[in-house]
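Work through the exercises below with the structure open beside you. Try each task before reading its solution.

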Amino acid sequence: MMRALIQAGGAGTRLASITRNIIPKPMVRIGGKPILEHQVSLLTREGIRDIAISISKSGEAIPDYFGDGSKFGCRISYIREDEPLGSGGAIGFLPPSEEETLFLFGDLMLDISISRFLAFHLERGGMLTAFAHPNGHPYDSDVLLLGKSSLIKGILGKKVERTDFYPNLTNAGVYILSPKLVSSFGKPRKADFEKDVMAPLVGERQAYAYCSPEYVKDAGTVDRFEQVNEDLASGIIASKNLSKKQKAIFLDRDGTLNVFGDFVTSPEKLFLAPGAAEAVKMINESSYLAIVITNQPVVARGETSFEELDRIHMKLADLLGEKGAYVDALYFCPHHPKSGFPGERKELKIECSCRKPKPGMILEAAKRFNIDLASSWMVGDTRQDVQTGINAGTKTVLLTSGDQRNNPLYEKSEPTFVAYDLLEAVKKILG
Ligand SMILES: [Mg+2]
Ligand SMILES: [Zn+2]
């Protein structure tokens, strides 16, 4: 189906206090097994039997441990560079192949559905697809700027001063390379993967991002190493693989995540509700996904544009990101059923299937992320949100700190429980 190249040659200086510089970073044990063994198990389980591992001069412990791979149910070969060629140079050692290559860094703990990732890559047909996800520190990360169909339009480096709002979407260090990319790389040469292999494709409209909430974390610092150990022990790493049923906490936006007030028609009008970031961070650290579901009829009414709505949502991501929190996905309905207002956009004045309380947005997310709705929650500050959850088959929470107005249409929509704000709701859901 495909082959893999693991870059296990990086220096492990940041983990020196754990490795005492004796073992290469990918051989650091998590839950009693080297990180690299977790990777090899995942690859063989997903049907990849042909694995090349690039090692540095101090990395001989790796072939000593894995041998030719037969004990692990696969075939492992090793790439030894006479002089270090950087993170991407090993691509030049790969034999020609008609198959795609999964390229990943050896210090990552991950559990992802590779077949889903591959299906996305083949459907887009680019030279490269990067596994991408939000993280808890977008302000000091390189972030990806996406266009239509998740085409990567640009990379905003962490050292570049940010003058506008930016997305929370970062490279996880896992990629699928097309056979064409590998063959055009040519002979082994010095190459930094992100700078010399990926970045040139971005300008050529050949690189896509596969955005997924599955678990991929580098264990490269002492803090992260401890977190990853905890996540393995609690089962979170395995549970987030999208081939397994997921559970989600669906979040309304206005009055739930941000302060209820005027219609938010520009980023300047959006402020986080007290405790909201803390609540979202708690969801991020749990086995639930955090997914925003919001009606934004302001677009149909012509009071804001899709571009401005995008900036509003980037501001929301930035405010959450400053506090270490992120949402896994965001769905909005730009429609509005009643027409006849000045300045409106006629094409959006329709009876759609996404406007809450219709369950369209939740059902779309459920399909994309393989979500079990009966074990999921919808949290919002109106009974219209409650009815949305009921219509989708989730449990529901009604918040009393947001929109105080009563819509008689949904008077009879009863939540599973009532809470003051999002933080109280999430604490109760997570028990
Ligand atoms: Mg609301
Ligand atoms: Zn809609």
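The exercises that follow concern a predicted model.

**Exercise 1. The metal site**

Task: Find which protein residues are donors of the magnesium ion (ligand 1), and describe how they are spaced along the chain.

Solution. Step 1: Look for N, O and S atoms within 2.8 Å of the metal. The protein donors are Asp252 and Asp381, each through OD, and Asp254 through O. They lie 2.1 to 2.2 Å from the magnesium ion.
Step 2: Read the donors along the chain; their spacing is D-x1-D-x126-D.
Step 3: Classify Asp252. Its relative accessible area is 5%. Buried means under 20%, so Asp252 is buried.

**Exercise 2. The order of a sheet**

Task: State in which order the seven strands of the open sheet are arranged, and which strands form its edges.

Solution. Step 1: Follow the pairings across the sheet to get the order 5-4-1-6-11-8-12, with mixed pairing.
Step 2: Look for strands that pair on one side only; these edge strands are strand 5 (75-80) and strand 12.
Step 3: Consider the angle between neighbours. On average, neighbouring strands of this sheet are turned by 25 degrees against each other, direction ignored.
Step 4: Check one pair. Strand 1 (residues 2-7) and strand 4 (residues 50-55) run parallel and are joined by four bridges. Within this pair, Gln7 has Ser54 as its bridge partner.

**Exercise 3. Strand 8 and its surroundings**

Task: Determine how strand 8 pairs with strand 11 and with strand 12, and how many of its residues are buried.

Solution. Step 1: Take strand 11 (residues 170-177). Strand 8 runs antiparallel to strand 11, with five bridges between them. One of the facing pairs is His133 with Thr170.
Step 2: Take strand 12 (residues 207-211). Here the pairing is parallel, again over five bridges. Phe131 stands opposite Tyr210.
Step 3: Count the buried residues of strand 8 (residues 128-133): six of six.
Step 4: Separate the two faces. Leu128, Ala130 and Ala132 are buried on one side, and Thr129, Phe131 and His133 are buried on the other.
Step 5: Look for a helix against these strands. Helix 6 (residues 193-203) lies across strands 6, 8, 11 and 12, at about 75 degrees to strand 11.

**Exercise 4. A loop residue**

Task: Place Asp107 in the chain, decide whether it is buried or exposed, and find what its side chain contacts.

Solution. Step 1: Asp107 sits in the loop between strand 6 and strand 7 (108-111).
Step 2: With a relative accessible area of 13%, Asp107 is buried.
Step 3: A polar contact of 3.1 Å links the side chains of Asp107 and Lys25.
Step 4: Beyond four places in sequence, the residues in contact with Asp107 include Ile35, Gln39, Lys217 and Asp218.

**Exercise 5. Helix 12**

Task: Count the buried residues of helix 12 and name what covers them.

Solution. Step 1: Helix 12 (residues 383-392) has seven buried residues out of 10. Among them are Gln384, Val386, Thr388 and Ala392.
Step 2: The cover over the buried residues includes strand 15 (288-295), helix 11 (360-369), strand 17 (377-380) and strand 18 (395-399).
Step 3: Move past the end of the helix. Gly393 follows, and its phi is positive, near 90 degrees.

Methods:
Residues numbered from 1 in each chain as written. Chains lettered and ligands numbered in written order. Predicted model: local features only at pLDDT ≥ 70, side-chain atom pairs only at ≥ 80, totals over all residues. Heavy atoms only, no water. Donors = N, O, S within 2.8 Å, 3.2 Å for Na, K, Ca; no water. Buried < 20%, exposed > 50% of the residue type's maximum accessible area, 1.4 Å probe, protein only. Helix = DSSP H or I, 4+ residues; strand = E, 2+ residues; numbered from the N terminus. Pairing = 2+ DSSP bridges. Axes fitted to C-alpha atoms, helices over the stretch in contact; angles between N-to-C directions. Contact = heavy atoms within 4.5 Å. Polar contact = N/O pair within 3.5 Å; in protein donor to acceptor, adjacent residues only side chain to side chain.
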